Every structure is written in C-alpha cells, then in structure tokens.
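Welcome! Here is a short tour for anyone meeting this structure for the first time. Take a look at it below, and then we will walk through some of its features together.

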Amino acid sequence: MLAISMLILFFVLLFLGMPIAFVIGIVGLTMLIIADVPLEIIIQRSFAGVNNFSYLALPLFVLAGNIMGKGGLTRRLMAFANVFTRKLTGGTGITTVLTTALFSSVSGSTVATTYAVGSVLVPRLKEEKYSNSFIASIIGPAGVLGLIIPPSITMVILGITANISIGDLFIAGILPGLILTVALSTYVWYMSKRAGFGNRTEDKITSKEFWKVTRQAFFPLLTPIFILGSIFSGYATATEAAVVAVVYGFILTLIYKELSFNKLKTILADSAVTSAVILMIISMANVFTYVLTINHIPEAVSGFFLDFAESPLIFLVVVSVILLFLGMLTEVTSLIVLLTPIFMPIAVEFGLDPIHFGMVMIINFALANVTPPVGLSLIAGASVTDRKMGIEDTLPYILHVLFIIAVMVLLIIFVPSISTFLPNLLGGE
C-alpha cells in the first residue's frame, strides 16, 4: 500500500509540472515522515549521494562540451563531415547526423549536442527545402547519440551508480553508436530521395580543399582519442580524462580565436547551472533510494522478476518496457539513480554481463529521450528548428525514427556482443 501511495504522489507532482528533483525530494520526505524516520537522514543521504570523486567528471564533461560547442569546433566538424556527403542525395541531412555523432564524441550531452549542431545546420537545411517536421525529427533524435557515443555523461552516472567500469561503458557504446549513426544516415538518404529534400552538388572537391578541411578538423577529432586513450592506457581515470577534455578544448578555442571573455563567462555560468541541476537530482534520488530500501521495495521487485521471468531475455524485455514508459514521463538521470540499484542485482542473478545490461539501459533511455510527452531530445530538436513548433508537428517522420531506435534496442538485447565485444577485446580498464 505504501509503495502505491508513493507512486501516486510521484506522478501527481510530476504531472503538475514540478521539477523532478523536487518531486523526488518531496516524495522521499513524505515517506520518511510516515515511517517516523529522523529527518536528519535527508541531509546525510543527499550529501552521501554526491560525495564521490568520480562525480567531478560530470561538471567537467559539461564544461568541455560547452567550450567546444561555442568555440568553433562544431563548424569544423560539420565541414569535415560534409566532405563525404556533399554528393549524396540528402547530403546536408546526412551531414547533420554525422556531425552530431562527431560532436557527441567530444561533448557527452544530448541536448547540448542538439543545440550546438542545430544552431549551425538548421538554417542551411531550411535553405535546401527540408521540411521543419523532418529537420526536427532528425536533429533531435540524432542528439541521443550523445547518450551512446563516449564520453557520455549518462554513462558516467550509470557507472558510478552500478559500480561498474566507466571506461568499459564508454568502449561498449562505440559499436551501438556507429550502427545507429549508419541507420539514421540511411533513413535520411532514403527519405530525402523519396520526398525530394535537399540539394545535391556534382562539384568535385579538390585535394587542396579536402586537406584544408581535414587539417581544421584534425585536432577536434583527436578529442575522443585523448579521452579514451588516457583512460585505457591507465594514465587517467574518467574524472581526470574529463580534465584533459576541458584543457584541450580550451586550448583549441584559444588557437581558433573564437572564445571571447564574455562568451567564456556565459559558458561557465551555463555549465554551472546544468551541473547543479544534475547533481541535485542525484542527491535527492539517493534519499528516495533510501526510502525504497527501508520499505524493502527492491527485494519485492527482485522476488517478482525471479519468480515470474522465465529467462534473462524476458527480464530484459520487461525492463525495457518499464524504462521506456518511465523515461517518457521523467528525466533520465533520476531513473538511473533510482532504478539501477534495483535492476542491476537482478540482472547479475540472471547471469547477465553488467556492461551488456548497462547498454540495454542506455539504449532504452535514448529511445525514451525522443518519445513524447517528455522526450527532451525531441523537444530540443523542435525548439532549435522553430520556437513555435510543438512535438506533434514532427509527425509522421518521428514515428519512423522511433522504429529505428526501437530496433536498435532489440538488437542490443538479443545480440549482446554488440556491446560487449570491444570491452572484452580490450580487457577493461
């Protein structure tokens, strides 16, 4: 009965539009009062929730992404991607997907990636007669590559919460990220050919132009190599690699002379606000997790799955449905902190690889991020396309994209090697 009351209060507050951190905090506080638990526990658990050295990686990766997004790197990555797509039908649309993938490898954030790439490419897409609904349905969902392609902020949170290697999660995201990038690019090519979107150039790029574009993009493209290389060489933890990303990005923007003092102040302020929101959610979610634990809810959920799920595959499918439903309604960070301590031990009981299960969660969150009504990446895509645009205006194209990502979820579930091959090959951190 208490669990049902918690859920009802949770969703009532959520549908009233209250920020998720406050929803979690109020529900946790209410349940603690009902259970007659000393309220000092809120201070203790909220502090303990973020008192982890690895969480320093969060504000650092946010800062690195903002520096690179506003320091001229996006334009250089776009020019590099366009070299390979300019002669294809829907070339600029494909460039959008590829640029998003490249920027994800230096940013780690979904919404930041969508706005950084969208601010550069949306005007050009409109000039080439792509419809607004198609643009939003591509630029928003492509942003979820920031969840999958390392360095992913979501993976950092998941790794800390589940106590699994962040470096292994980073490496596990490479193949799924590449597959989804190819799938989205193929879809853009097909729909552009069918609907007549985009301009196509027959002009050949000269070797001089090619080397100029490649030279300008060379150092930004080295960013993920430095991040992943420093982790897997043993020279740095994920947190220290985040410092490398910030310093490297700052040096590049100074070289490109595109970072003014006023722009730097804005970047620092935006990064601080974004990081504070994420850490507040994690802090309150830790209190909520404590409430769940003292009420033995994780044990009840675990018992249910172990009794009724006949195989690991059934467990993964059921968990995927739960993650999609909850991810449609609330923010990903809170779900990771709340649900990972419940689901991960059950996954281990079923003999699942923690890295595989972690990637199942990540891909499901990617799908939820573009599914109405609270698909943050889809909302960001609509907003950067046209401020008056609603997510309902993305139909019918968004349904096609949702199908592509849903197939990706099934691939990760039924073909574990897609997410475990590279971590096993490299032997972990």
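Met191 touches Phe134, Gly196, Phe197, Tyr397 and His400, leaving aside residues up to four places away in sequence. This is a predicted model, and in it Met191 has its place in helix α12, which covers residues 174-195. Is Met191 buried or exposed? Its relative accessibility is 7%, and because buried means under 20%, Met191 counts as buried. Gly90 is 101 residues away along the chain from Met191, yet their C-alpha atoms are separated by 8.1 Å.

Some of these neighbours also belong to a group of rings. Tyr130, Phe134, Tyr187, Phe197 and Tyr397 are linked into a cluster by ring pairs. Phe134, Phe197 and Tyr397 are among the residues that Met191 touches.

Phe197 comes up once more with Glu128, a residue in the loop between α7 and α8. Apart from residues up to four places away in sequence, Glu128 touches Thr92, Phe197, Gly198 and Asn199. Glu128 is buried, with 9% relative accessible area. The loop between α7 and α8 also holds Lys129, but Lys129 counts as exposed at 64% relative accessibility.

Helix α7 itself spans residues 110-127 and includes Val111. Val111 is partly exposed, with a relative accessible area of 26%. Setting aside residues up to four places away in sequence, Val111 touches Leu376 and Ala380. The C-alpha atoms of Val111 and Ala238 are separated by 21 Å, and these two residues lie 127 apart along the chain.

Now for the backbone. Which residues other than glycine have a positive phi? Lys129 is one of them, and Asn163 is another. The table sets them side by side.

| Residue | Phi | Place | Relative accessibility |
|---|---|---|---|
| Lys129 | about 70° | loop between α7 and α8 | 64%, exposed |
| Asn163 | near 60° | loop between α10 and α11 | 70%, exposed |

Two cis peptide bonds are also worth finding. One runs from Pro150 to Pro151, with omega near 0°, and Pro151 sits in the loop between α9 (145-148) and α10 (153-162). Another joins Leu395 and Pro396, with omega of about 0°. Pro396 is placed in the loop between α21 (376-385) and α22 (397-414).

Let us turn to a pair of helices. Two packed helices are described by the angle between their axes and the distance between those axes. Helix α17 (residues 297-308) packs with helix α19 (residues 332-349) at an angle of about 35°, and their axes are 10 Å apart. What residues make up the contact of α17 with α19? From α17 come Pro298, Val301, Ser302, Phe305 and Leu306, and they meet Ile342, Phe343, Ile346 and Glu349 in α19. The residues of this contact divide into seven nonpolar, one polar and one charged. The crossing of α17 past α19 is right-handed.

Finally, back to rings. The count of aromatic pairs comes to 17. One of them is formed by Phe218 and Phe219, which are 5.3 Å apart centre to centre with 75° between the planes, an edge-to-face arrangement. Phe218 is partly exposed, with a relative accessible area of 43%, and Phe219 also counts as partly exposed, at 41% relative accessibility. A ring can meet a charge too: the charged end of Arg76 sits over the ring of Tyr256, 3.7 Å from its centre.

Terms used:
Residues are numbered from 1 along each chain as its sequence is written. This is a predicted model: local features need pLDDT of at least 70, side-chain atom pairs count only at pLDDT 80 or more; totals for chains, interfaces and linings use all residues. Side-chain values use heavy atoms; hydrogens and water are left out. Rings of Phe, Tyr and Trp (its six-membered ring) pair if their centres lie within 6.5 Å; planes under 30 degrees apart count as stacked, over 60 as edge-to-face and the rest as tilted. Buried means under 20% relative accessible area, exposed over 50%, partly exposed in between (1.4 Å probe, protein chains only). A charge sits over a ring if NZ of Lys or CZ of Arg is within 6 Å of the ring centre and within 35 degrees of the ring normal. Axes are lines fitted to C-alpha atoms, for helices over the stretch in contact, and angles run from 0 to 180 degrees between N-to-C directions. Helices (H or I, at least four residues) and strands (E, at least two) are DSSP runs, numbered from the N terminus. A crossing is left-handed if the near helix is turned anticlockwise from the far one by less than a right angle, and right-handed if clockwise. Contact means heavy atoms within 4.5 Å. Ala, Val, Leu, Ile, Met, Phe, Trp, Tyr, Cys and Pro count as nonpolar, Asp, Glu, Lys and Arg as charged, and the others, Gly among them, as polar.
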